[in-house]
2 protein chains.
Amino acid sequence: MNVKTMCLGVLSIGEATGYEIKKQLEGPFHHFYQASFGAIYPALSALLADGLVSVREEPQDGKPDKKIYALSETGRAALLAELSRPPGPDRVRSEFLAQMVFVELLADDLVADFVATRLEHYETQLAGLRGIDPDRLPPGRRFALGYGLAVYEAGNAYLRANRHLLDDAARTAPARDAAD
Amino acid sequence: MNVKTMCLGVLSIGEATGYEIKKQLEGPFHHFYQASFGAIYPALSALLADGLVSVREEPQDGKPDKKIYALSETGRAALLAELSRPPGPDRVRSEFLAQMVFVELLADDLVADFVATRLEHYETQLAGLRGIDPDRLPPGRRFALGYGLAVYEAGNAYLRANRHLLDDAARTAPARDAAD
DNA sequence: GAACGATATATCGGATTGATATATCAATTC
DNA sequence: GAATTGATATATCAATCCGATATATCGTTC
């Protein structure tokens, strides 16, 4: 699903600015879909040019004018067509995991630092998702919320239970050896 | 972690061709890092130009010649430097999840099909990871293997337990209504 | 007063994807 | 038997996207 389709999807929930679409993708949707402003704004421009969305400008005091986008009927049909195609494979890139694969090359204080940061990250993400009331969500979004909770909880629990694999494998720094 | 660094990392395990690096990223590393040939080959070319890897060509009967890349000492140092930087945020894009968020728009037979495919996908991925003997791996790779198992198992279990949210929400197709 | 964060829009150079191409061979399908 | 598919290998390209940056205003913090 490209960013144009995701924008159509978010607009199917209700009209929104480019900034608000980004906020949605940084918040409740963050665990399964991310996109940058560099992709969102050109996507909205293309959707507008193709007649799949409409836009109205609202001046604001003390802030840039808002451009509020809304889904057109053509856009709704295009969204349905895209959603009806079989989903492609997940795309994943976890820098933390990729770096931990080479943990034997890393100094143990670095590893401890990275692991601690990662655990905090899990807690932050879980707190964010737990702050959302599932009863107020339509079924699809409730499903996605529960999925995020399940996967973050599993990752968090795994890291807590197995961080010793990382701690024990990391390089002991020379200065620390001397202190020990 | 960009594709150049990942190539250095895979080469730190042992010399490899571009094709073999891709195979590593399609197999045991797939659940946390993916990259295309379109990125791997230019990355290897750049690494070669920068002196971070060396290459030797081996002719093969019935197949293209092999270009076998090996890490240089300069490359090893560059890898260590990159790995020592704090990991950036995970990048995730799950088309399945993104589409399920808008499940109310989809026909129920499509949803059932997508869910069935997704469950098969989990079984396939889990079978692949379970076929790897963790005792033969160094600690970092053992950790990553276990992480993949934990997260796929959680996602699989969640989908099995909660697919009813999706089934119940999907649109009932008109033709099916008439048949019921 | 400078830096930072929030609300907003927008752009750009570099990174990456997915498709495609080339080559050869073996296995499978029609 | 020919066509298709899949595997082993290398390589490239147009489209998509990222991360950084810019602009503007305001409020908060150091």
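This dialogue walks through a predicted model of two protein chains and two DNA strands, taking one feature at a time.

Reader: What should I know about the numbering and the cut-offs before I start?

Author: Residues are numbered from 1 along each chain as its sequence is written, and chains are lettered from A and ligands numbered from 1 in the order in which they are written. Because this is a predicted model, local features need pLDDT of at least 70 and side-chain atom pairs count only at pLDDT 80 or more, whereas totals for chains, interfaces and linings use all residues; side-chain values use heavy atoms, with hydrogens and water left out.

Reader: How are the copies, chain A and chain B, related?

Author: Copies are superposed by least squares on the C-alpha atoms of residues with pLDDT of at least 70 in both. Here a rotation of 180°, with 0.0 Å of shift along its axis, superposes chain A on chain B with an RMSD of 0.0 Å. The two copies are thus related as by a two-fold rotation axis. Val92(A) is the residue of chain A that comes closest to this axis, its C-alpha lying at 2.4 Å. Of the interface residues of chain A, 98% are also interface residues in chain B, so the copies meet through the same surface.

Reader: Which residues of helix H2 of chain A are buried, and what do they pack against?

Author: Helices (H or I, at least four residues) and strands (E, at least two) are DSSP runs, numbered from the N terminus, and buried means under 20% relative accessible area, exposed over 50% and partly exposed in between, with a 1.4 Å probe and protein chains only. In H2 of chain A (residues 18–26), the buried residues are Gly18(A), Ile21(A), Lys22(A), Gln24(A) and Leu25(A). They cover an arc of only 155° around the axis (taken from the directions from the helix axis to the C-beta atoms), which puts them on the same side of H2(A). Contact means heavy atoms within 4.5 Å, and the buried residues of H2(A) pack against helix H1 (3–13), helix H3 (37–49), strand S2 (66–71) and helix H7 (139–169) of chain A. Gln24(A), for example, has a relative accessible area of 16%, and, leaving aside neighbours within four places in sequence, is in contact with Val10(A), Phe29(A), His30(A) and Arg141(A).

Reader: Where is Tyr33(A), and what does it touch?

Author: Tyr33(A) is in the loop between H2 and H3 of chain A, and is buried, with a relative accessible area of 0%. Not counting residues up to four places away in sequence, Tyr33(A) touches residues of both chains, including Leu25(A), Val92(B) and Ala98(B). A polar contact is a pair of N or O atoms within 3.5 Å; within protein, one must be able to donate a hydrogen and the other to accept it, and residues adjacent in sequence count only if both atoms are side-chain atoms. The side chain of Tyr33(A) makes such a contact with the side chain of Arg93(B), at 3.3 Å.

Reader: How many residues surround DNA strand D, and which are the closest?

Author: A residue is near a strand if one of its heavy atoms lies within 4 Å of it. DNA strand D is surrounded by 24 residues, the closest being Ser36(A), Tyr41(B), Gln60(B), Pro64(B) and Lys67(B). Polar side-chain atoms lie 3.0 Å from a phosphate oxygen of this strand in Tyr41(B) and 2.6 Å from a phosphate oxygen in Lys67(B), while a backbone N or O atom of Gly38(B) lies 3.5 Å from a base oxygen.
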